[in-house]
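Trainee: I've just opened this one and don't know where to start. Could you walk me through it?

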Amino acid sequence: MLVLSFRQALLRSMGGMQMRMGLRWSSSEGASVAAAVEAASDSKAAAAAAAAAAAATDDTASWLTHPSVMPSVGRAVVERFKFTGMTPVQRIVMDTQPGIGSRRDMLVRSKTGTGKTLAFLAAAVQAVNVEREFEKSDGPKGVDILIFSPTRELAVQTGYEARKLLGLPVLGKAGAVHSSGNYVTVVVGGESKNPQLDGVTSAYKKSRKSLSQASNGISIVIATPGRMWDIATSNQSVQDALRNVKIVIFDECDLLLEMGFQKTIQEILQFVPKPNKRNTFMFSATLSNEAVRALAADQLVNKPVHEIDATVIAADPLSPETSTSDETHAHVPQTYALVPHYQWAFILYKAILSHVALHNAEKNPPRIMLFFNTSKEVAYFSKVFSSLPEFVSASESGRFGAARTPKEKDLIRVYEMHARLEQSKRAKVSDAFRNDTGGPSIMLTTDVSARGVDYPHVSYVIQSGAPTSAPQYVHRVGRTGRAGRSGIGLLLLEPFEKAFLKTLLRKGSIEIVGDVVVDSWVESADEKDKELRTRVKSLMQEFVADTKRDLKSAAEGCYLAFLGHYKQAFYLTKPQAASAAQSYARNVLCLADAPTLSFSLATKMGLMNTPDINVEPSPKGLKRLERDMKNRPPLARVEGSFRANPWERRGSSVNWEKKRRDN
Ligand SMILES: Nc1ncnc2c1ncn2[C@@H]1O[C@H](COP(=O)(O)OP(=O)(O)OP(=O)(O)O)[C@@H](O)[C@H]1O
């Protein structure tokens with residue numbers, strides 16, 4: 001395989017490759033675009049974009065003049081995105097993209113927020129344009145570019161960028177948008193199927209009806225695997241439309257595989273041309289895992305495969321030796337704090353308030369993303385924060401995206417985002433958070449927002465609890481410091497999660513250090529801190545005493561979700577996870593004890609006879625237990641059993657005899 005270093009890519013960009021391909025684009029067209037952009041640069045937006053571009057890009061390559069960029073593509077980028085400079089990954093990818101009659105496969109690793117989306121969109125669009133020009137063909141004969149996205153939000157966002165690049169109405173929504181022979185369709189679950197079906201098939205249907213349709217059009221489909229599989233396997237017309245796919249792109253390919261989409265994707269790929277008859281691009285900020293290696297071996301068959309690492313010069317992106325640490329940004333300071341559960345809610349509260357106080361006077365109001373490991377926690381803590389005096393719920397403060405009243409101006413708007421929300425709500429939350437520039441805001445979210453999602457000016461990323469893996473840490477923290485902007489990251493860990501920290505630090509180059517400021521808050525005797533601590537604690541206590549709004553059962557749901565999550569943590573045994581969950585229930589959620597699990601759930605979770613787990617027997621379970629007790633030695637003798645009889649709950653007031661009779 002060919003490894004392209006920065007230096008090699010730069011040399012290529014200086015002309016060699018394009019000369020060989022006979023593809024040196026004239027820059028005269030580019031000059032007029034430069035003038036247009038300059039004219040537009042009066043506007044504030046253009047200035048802001050230019051400033052961001054200057055931070056993220058280098059001066060050696062411009063979308064207008066770089067020899068590997070077709071003028072029409074460069075013009076589209078500059079006019080529609082207002083970027084003149086290319087980021088390193090964009091420059092290298094454009095230098096590598098396929099030319100006339102060539103097959104080029106790419107495996108690309110580049111840090112979060114470095115412009116990979118535009119890199120693969122522009123390269124793919126240019127490659128299709130080149131082929132169209134060469135073939136003198138009449139626009140799309142079905143889908144040209146098929147992009148797999150792991151999450152709905154990312155698919156919608158990529159669709160937005162693709163529409164922008166092709167000059168279509170920039171609808172940040174699922175479904176189809178088309179004009180002048182260009183089609184961009186976002187295919188995701190949770191949204192109506194028919195517009196998506198129409199979008200995927202319309203270019204194909206039109207090409208069969210009229211051979212003289214507008215030339216140079218392109219059809220792009222961005223899809224999450226589940227919905228794509230659904231419409232592809234049940235519709236012949238979709239299968240027909242996929243027959244001419246020229247480029248398949250796996251965005252966030254490591255996550256696609258981690259999420260178990262491998263088989264689904266393989267089944268969709270049977271409808272597109274074989275790997276040696278199309279181009280395949282694989283992109284992510286984190287690539288070092290076995291599944292990626294296997295997919296690359298299967299899909300990247302056009303030799304030499306271009307392994308591009310815009311993260312570490314001349315490193316092999318797939319090598320286990322390539323450390324994850326090189327994947328975070330040096331300009332984003334990252335710290336961790338070990339916080340005991342009984343201080344957890346207070347520390348979260350304090351960290352948010354301190355950040356807002358420190359940055360409220362800046363041009364861009366503070367925008368925070370707070371990651372939890374489960375949807376239940378996101379929903380619960382959204383309620384908790386929205387009930388504190390410094391916050392206001394975004395959904396309760398009128399229409400999403402409504403302008404702030406003067407009273408609301410300094411309040412921190414709370415946005416709740418997780419997979420349990422309906423898709424239409426997720427889209428609204430995402431849009432409203434993106435556009436909320438009127439004051440400080442916070443999005444509480446799960447890993448649905450960890451990958452690829454580009455909210456501008458996120459100034460602070462807090463991770464509440466250890467993420468599932470080191471790459472996931474990298475992606476979460478990558479929501480800030482994008483396109484060269486500033487940002488900071490804080491990882492809050494309970495001491496039982498120390499082992500995760502070791503994983504993160506193992507290769508010694510993730511720049512994460514202990515947070516002395518947060519440490520000082522933990523036992524702070526400052527009067528103001530005491531007051532905040534009392535305030536948040538009383539609120540949590542009020543919540544679990546609230547039977548009207550069912551907040552107690554919401555807290556119990558949090559416990560269960562927490563338990564389910566940590567039961568799978570690679571660094572904990574089941575009893576350790578149970579004990580951590582018990583501590584979470586009592587000290588964070590302020591429940592009197594860990595809630596009771598039903599017999600069937602405890603069995604399903606493999607937690608029967610586990611210390612710190614309370615189990616409630618079902619009538620069926622009781623019968624089974626009676627049967628077992630007849631046939632087995634008494635449970636009291638079961639080795640390692642924490643509680644001799646799991647039916648005897650500590651401090652339980654339930655009359656089990658009566659319960660059995662009543663049933
Ligand atoms: N040439 C450029 N100049 C300035 N800003 C750019 C340029 N290209 C992209 N950007 C901006 O950089 C930000 C990050 O881009 P993008 O979302 O594509 O990053 P990414 O590398 O895909 O990140 P992630 O790994 O998190 O998915 C976006 O706001 C985008 O508009």
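Here is a short chat about the sheet, the helices on it, the cysteines and the cores.

Mentor: Sure, but keep in mind that this is a predicted model.

Trainee: Got it. Which strands are the edge strands of the open sheet of 8 strands?

Mentor: Follow the order, which is 12-13-14-11-15-16-10-17, with parallel pairing. From one strand to the next, the twist averages 25°. An edge strand pairs on one side only, and that picks out strand 12 (391-393) and strand 17 (512-514).

Trainee: How many bridges join strand 11 to strand 15?

Mentor: Look at residues 367-371 for strand 11 and residues 460-464 for strand 15; the two run parallel. As a landmark, Ile368 stands opposite Tyr460 in strand 15. The count of bridges joining this pair is 4.

Trainee: At about what angle does helix 18 run to strand 16?

Mentor: Let's take helix 17 (residues 470-477) as a warm-up: it lies across strands 10, 11, 15, 16 and 17, at about 145° to strand 15. Helix 18 (residues 498-505) lies across strand 10, strand 16 and strand 17. Its angle to strand 16 is about 140°.

Trainee: Now the cysteines. Is Cys590 buried or exposed?

Mentor: Start with bonding: the structure holds 0 disulfides. For Cys590, the nearest cysteine sulfur is that of Cys558, 12 Å away, while a disulfide needs sulfur atoms within 2.5 Å. As for accessibility, the cut-off for buried is under 20%. Cys590 has 15% relative accessibility, so it counts as buried.

Trainee: And why does Cys253 count as buried?

Mentor: Use that cut-off again: buried means under 20% relative accessible area. Cys253 counts as buried because its relative accessibility is 1%.

Trainee: Which domains give residues to the largest nonpolar core?

Mentor: In general, nonpolar side chains tend to be buried together in soluble globular proteins. This core has 78 residues, and Phe391 is one of those with the most contacts inside it. Its largest share, 10 residues, comes from helix 14 (residues 344-359). The core lies between two domains because both give residues to it: domain 2 (328-526) and domain 3 (541-662).

Trainee: What does Phe391 touch?

Mentor: Leave out residues up to four places away in sequence. Among those that remain in contact with Phe391 are Tyr349, Ile352, Leu353, Phe385 and Leu411.

Trainee: Last one: how many residues are in the second, separate core?

Mentor: Look for Val108, Leu121, Leu165 and Ile220, which this core includes. Its size is 49 residues.

Definitions and conventions: Residues numbered from 1 in each chain as written. Predicted model: local features only at pLDDT ≥ 70, side-chain atom pairs only at ≥ 80, totals over all residues. Heavy atoms only, no water. Pairing = 2+ DSSP bridges. Axes fitted to C-alpha atoms, helices over the stretch in contact; angles between N-to-C directions. Contact = heavy atoms within 4.5 Å. Buried < 20%, exposed > 50% of the residue type's maximum accessible area, 1.4 Å probe, protein only. Core = buried A, V, L, I, M, F, W, Y, C linked by side-chain atoms within 4.5 Å. Domains from an automatic or database assignment.
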